[in-house]
Amino acid sequence: MKDISVSDRLIFALDVRSADDARALVELLGDAVSFYKIGLELCMAGGYFELLAWLRGQGKKVFADLKFYDIPQTVGRAVAQLADHDVQFCTVHGDRSIMEAAVASRAAINILAVTVLTSLDESDLREMGYSGTPQDLALQRARTALESGCNGVISSGLEAPTIREHLGHDLIVVCPGVRPAAQDDDQKRVVTVEQAFLNGADYIVVGRPIRDAEDPRAAATQMQDAIAGVFS
Ligand code: C5P
């Protein structure tokens, strides 16, 4: 078992239109959420690094989900820039040379490799030219991530058991695509909160089920209670 506080295991994806909206939501959530993922939408909105510093000032942990994908030198240099900010996690796509470049520049950041986006299913992979299942590809990329020195992977909760079975517990496994119950959106490979952790996740990333809830704080608290139930 890794030394992770139970409340940090829920990472809220702060997918909102502006840094001001983000601050308002963080204030509304209060101590129900201690770990925030800030991604591409906020990066494009402006004020990204100011928001990052503000979150750190509030005592929150930060996951910079910018999913770097470029030639290794460019990714390495981008990670080196990010390392000047106080972030706990960042993401890169799961090609070996990209992951190695990110790891070489990471300083104190934990590098997480994206295995297979949870919005993709087997037919999407066919169209992209892959012949195996999402599970095969996720395992292959997780193995490469481990060999490349990455700290962890982003994977669907459905693939987490295979990753644990073949690669053990060294990698941090972060699972998006978590839903309280069946939901009709673009996530195709989904699991519930409990299932994700029982399948081997260390952290879950949850966005819309909290953001779009009638009472986001209550939705987050309910998930925190479910997590506490798994780890009690
Ligand atoms: O709203 P929802 O709970 O689907 O949000 C999931 C978050 O996790 C989004 O911010 C998305 O970018 C991110 N993510 C994902 N699948 C991955 C990696 C990250 O859904 N493989």
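A residue counts as partly exposed when its relative accessible area lies between the 20% under which residues are buried and the 50% over which they are exposed.

**Figure 1. Close-up of K67 in strand 3 of the predicted model.** K67 lies within strand 3, which covers residues 61-68, and it has a positive phi of about 40 degrees although it is not a glycine. Most residues other than glycine have a negative phi. With a relative accessible area of 26%, K67 is partly exposed.

**Figure 2. Close-up of A107 in the loop between helix 5 and strand 5.** The loop that holds A107 runs between helix 5 (96-104) and strand 5 (110-114), and the phi of A107, near 50 degrees, is again a positive value in a residue other than glycine. A107 counts as exposed, at 64% relative accessibility.

**Figure 3. Close-up of the second largest pocket.** About 170 Å³ of space lies in this pocket, which is lined by 14 residues, with H93, T115, M128, Y130 and R141 nearest its centre. Sorted by class, the lining comprises 9 nonpolar, 3 polar and 2 charged residues.

**Figure 4. The chain around these close-up views, with its 11 helices and 8 strands.** The radius of gyration is 17 Å, close to the 17 Å that the globule rule gives for 232 residues, so the chain is as compact as a globular protein of that length. The C-alpha trace spans about 45 × 40 × 35 Å along its principal axes, and 51% of the 232 residues count as buried. Among contacts between residues at least 6 apart in sequence, 64% join residues at least 24 apart.

Key: Residues numbered from 1 in each chain as written. Predicted model: local features only at pLDDT ≥ 70, side-chain atom pairs only at ≥ 80, totals over all residues. Heavy atoms only, no water. 1 Å grid on protein atoms, 1.4 Å probe; cavity = no way out; pocket = protein on both sides within 12 Å on 5 of 7 lines; lining within 4 Å. Points joined across faces, edges and corners; volume = space filled by probe spheres on them. Nonpolar A, V, L, I, M, F, W, Y, C, P; charged D, E, K, R; others polar. Helix = DSSP H or I, 4+ residues; strand = E, 2+ residues; numbered from the N terminus. Rg over C-alpha atoms; globule rule 2.2 N^0.38 Å. Buried < 20%, exposed > 50% of the residue type's maximum accessible area, 1.4 Å probe, protein only. Contact = heavy atoms within 4.5 Å.
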